[in-house]
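Okay, thanks for coming, everyone. Let me put today's protein up on the screen, and then we'll walk through it together.

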Amino acid sequence: MSTKATLFSGMAPSADSLQIGNYIGALQQWVEMQDTYNAIFCVVDLHAITVPQDPKTLAASTRTTAAQYIAAGIDPEQSILFVQSHVSAHTELAWILNTITGFGEASRMTQFKDKAAKQGTEAASLGLFAYPTLMAADILLYDATAVPVGDDQRQHIELTRDLGGRFNSRFGETFKLPEAVIMKETARIYDLQNPEAKMSKTSVSDSGVIWMMDEPSKTAKKIKSAVTDDDREIRFDRGAKPGVSNLLTILSAFTSTPMPELEASFAGRGYGDLKSTVADAVVATFEPMRARALELLSDPAELDRILSRNAARAEELAKPKLATVYERVGLLPRS
Ligand code: TRP
């Protein structure tokens, strides 16, 4: 690889289509960062099984997730896009990190506390408890210095830095320490039917949620039926005009137009006009992505070949790092 810094990010496999919030909040930004970094994107199936998963759908979800990322512009020739369980060095390094992680330190992770509380503390697994050390292994294996994540992952990145630094001082300089790149919050998208609430897959009604894999006509219809308000002015004002502001946020993200410029261009125009413009912009982006994802999913063998090739590329980087770690810790090399 070149002199560019390394970026690593992970996403859990999901059976659902990505929705517009995942796209603007993460994926679109990852695609933009591909050129600046040696970028590595990992579908974290081993993290997914820290909470119960249906075995029949997990493999399909992993493919669906990878297909949508490629369709949205993650280039598996330029970047590395692979499945976590395909590269065993992740779990091997995680074990080593477990041995230098304090029980108390791991107990302070707020995501563990939240997830454990949801499941009932008795039902929470040791795997869930060790989630953050596996994540640290993901990052440290590749000397990734940039880790784009949501704000909720900040504490895990801090732990990763602590563990990397601790290993370095006990066993000699081995790992680079990462920085969190917190994804911009401005991209928060709200439910089209209930613009006070975040758009979420658990929304009461599907008509408020925009999915990448929806048919384009359905997407356009949802946007054209979005809730607005009683006056007729098009301006960004989250408090007084949540529906209109939400449409403007979407349009700004899909057309890379700053908000003041958008507001100026809609001066004197009506809501119908705004909605059609938003619908056209979203469909223009999502329609080809949907088509590409369906094409990839129609040939799972070819998709698996792409993932296998990419796992080999990841392994080439991960294996020597793991060998160094084993040697520094004093594990006897197998001759
Ligand atoms: N925990 C991350 C999340 O929920 C996903 C993840 C797993 C990840 N491994 C990672 C993110 C490594 C960044 C780097 O979003």
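Let's start at D304, which sits in helix α14 (residues 300–329); helices here are DSSP runs of H or I with at least four residues, strands are E runs of at least two, and both are numbered from the N terminus. D304 is partly exposed, at 30% relative accessible area. On that scale, buried means under 20%, exposed means over 50%, and partly exposed is in between, with a 1.4 Å probe and protein chains only. D304 and L97 are 207 residues apart in sequence, and their C-alphas are 30 Å apart in space.

Quick housekeeping. This is a predicted model, with local features needing pLDDT of at least 70 and side-chain atom pairs counting only at pLDDT 80 or more, while totals for chains, interfaces and linings use all residues. Residues are numbered from 1 along each chain as its sequence is written, and side-chain values use heavy atoms, leaving out hydrogens and water.

Now the overall layout. The domain assignment gives domain 1 (6–187 + 299–329) and domain 2 (206–294); such bounds come from an automatic or database assignment. Their C-alpha centres lie 32 Å apart. How many residues of each are in contact? It's 14 from domain 1 with 15 from domain 2, where contact means heavy atoms within 4.5 Å. Together the two domains bury about 1,200 Å², 75% of it on carbon and sulfur atoms. Buried area, by the way, is the accessible area (1.4 Å probe) that two parts lose on being put together, summed over both. On the domain 1 side, I20, Y23 and A71 supply 40% of the area buried against domain 2, more than any other three residues.

I20 comes up again in the largest nonpolar core. That core has 60 residues, and I20, W30 and F254 touch the most other members. A nonpolar core here is a set of buried Ala, Val, Leu, Ile, Met, Phe, Trp, Tyr and Cys residues joined through side-chain atoms within 4.5 Å. Helix α13 (residues 271–297) gives the most to this core, eleven residues, and each of the two domains puts in at least three. Take F254: leaving aside residues up to four places away in sequence, F254 touches I20, Y23, I24, A281, V282, T285 and F286. Apart from this core lies another, of 42 residues, including C42, A89, L97 and L322.

Next door in sequence to I20 we have Q19, in the loop between β1 (6–11) and α1 (20–33). Is Q19 buried or exposed? Buried, at 9% relative accessible area. Its contacts beyond four places in sequence are M199, S200, K201, V209, I210, W211 and M212.

On to the strands. β4 (residues 146–149) and β5 (residues 179–182) pair in the parallel sense over four bridges; pairing needs at least two DSSP bridges between the strands. One of the matches is A146 with E179 in β5.

Last, two backbone oddities. Most residues other than glycine have a negative phi. D143, though, has a positive phi of about 50°; D143 lies in the loop between α8 (131–140) and β4 and is partly exposed at 21%. S256 also has a positive phi, near 50°. S256 is in the loop between α11 (242–255) and α12 (259–265), and is exposed at 62%.
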